[in-house]
Amino acid sequence: MDDDYQLELFVKASTDGKGLGDCIHCHRFMMILALKGVTANVTTIDLRRKPEFFVKSYAGVKLPCLVHNGKAIDDVIEIESHIERYFADPPLMVADDKGALKAGDKVFQKFSAWIRNRDSNSEERLRNLLAEELSRLDAFLGSSKKIPGCYLAGDEMLMPDCALLPRLHQLRVALKAYKDFEIPGHLRNLARYLQVADQNEVFSKTCCEDLEIIQSWNKHMGDPKKAQQVLRAAQRK
């Protein structure tokens, strides 16, 4: 790694334009850079009022966007591989992941389908589909086939965790607010995984405010009337 480097990460800003927004990939790369111990200038960008310098220099790029020594990268797969290539220590990629890379890979999809649902007859089915995926993740976390340790691939937080944890965080915040749903207590392996993550500042200090997640999912809610009631209640807290 070149010690004389310039690194900037542009991420989605919060609703007021001042703090962190609710982007899962922005969260992911802030975690990765923190684990690498890499110094980067993290700049929030208000998508409704993009600053002039950003429009001029990075017109058309998506967020998150990593700029390394003047080179802008806005593809999430490329950002991940670029960080791992140029900032190799500590390595965060998992060579033999024992299933860690696919663990929980359908959870966010099932969560999104349920929270967007507009058909009352489908509520129970969609809820159960999510519960099944959470149970599969719990089973993986407790499996003897998994690499031993409190995270997906051992005792250290690695790339798979940086991809999964922001998704799980959005799920638990949004579903608690809009569906009064919490991750079932009998999923002890998953509960332990989230507890350990919450105690790790790499994860906890890169989370946006819960209200940002609630506001972001508000427009996707299948029941608009209930969505507005929940949002107003959250804003009063």
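Here is a short tour of a predicted model, starting with its two domains and ending with a few local details.

**Two domains and the contact between them**

Let's begin with the overall layout. The domain assignment splits the chain into domain 1, covering residues 7-86, and domain 2, covering residues 100-235. If you take the centre of each domain over its C-alpha atoms, the two centres sit 23 Å apart. The domains do touch: 18 residues of domain 1 and 19 residues of domain 2 take part in the contact.

How much area is buried between domain 1 and domain 2? The figure comes to about 1600 Å², and carbon and sulfur atoms account for 68% of that. On the domain 1 side, three residues stand out: Asp 22, Ile 24 and Met 31 together supply 37% of the area that domain 1 buries against domain 2, and no other three residues supply more.

What about the polar side of things? Zero salt bridges are counted between domain 1 and domain 2. Polar contacts do turn up, though, with six residue pairs found across the interface of the two domains.

Which helices supply at least two residues each to the side of domain 1 that touches domain 2? They are helix H1 (24-36) and helix H3 (76-86). H1 gives the most to this side, with nine residues. Sorted by character, the residues on the side of domain 1 that touches domain 2 come out as eight nonpolar, five polar and five charged.

**An aromatic pair**

The structure holds ten aromatic pairs. One of them joins Phe 10 and Tyr 58, and this pair is tilted, with 5.2 Å from centre to centre and 50 degrees between the planes. Why is this pair worth a look? Phe 10 belongs to strand S1 (residues 7-12), while Tyr 58 is in the loop between helix H2 (52-57) and strand S3 (65-68), so the pair ties together parts that lie 48 residues apart in sequence.

**Backbone details in the loops**

Now for the backbone, where two peptide bonds are listed below along with their omega angles.

| Peptide bond | Form | Omega |
|---|---|---|
| Leu 63 to Pro 64 | cis | near 0 degrees |
| Asp 89 to Pro 90 | cis | about -10 degrees |

Where do these prolines sit? Pro 64 is in the loop between H2 and S3. Pro 90, for its part, is found in the loop between H3 and helix H4 (107-115).

One more backbone detail concerns Asn 69, which has a positive phi of about 50 degrees even though Asn 69 is not a glycine. Look for Asn 69 in the loop between S3 and strand S4 (71-73).

Terms used. Residues are numbered from 1 along each chain as its sequence is written. This is a predicted model: local features need pLDDT of at least 70, side-chain atom pairs count only at pLDDT 80 or more; totals for chains, interfaces and linings use all residues. Side-chain values use heavy atoms; hydrogens and water are left out. Domain bounds come from an automatic or database domain assignment. Contact means heavy atoms within 4.5 Å. Buried area is the accessible area (1.4 Å probe) that two parts lose on being put together, summed over both. A salt bridge is a side-chain nitrogen of Lys or Arg within 4 Å of a carboxyl oxygen of Asp or Glu. A polar contact is a pair of N or O atoms within 3.5 Å; within protein, one must be able to donate a hydrogen and the other to accept it, and residues adjacent in sequence count only if both atoms are side-chain atoms. Helices (H or I, at least four residues) and strands (E, at least two) are DSSP runs, numbered from the N terminus. Ala, Val, Leu, Ile, Met, Phe, Trp, Tyr, Cys and Pro count as nonpolar, Asp, Glu, Lys and Arg as charged, and the others, Gly among them, as polar. Rings of Phe, Tyr and Trp (its six-membered ring) pair if their centres lie within 6.5 Å; planes under 30 degrees apart count as stacked, over 60 as edge-to-face and the rest as tilted.
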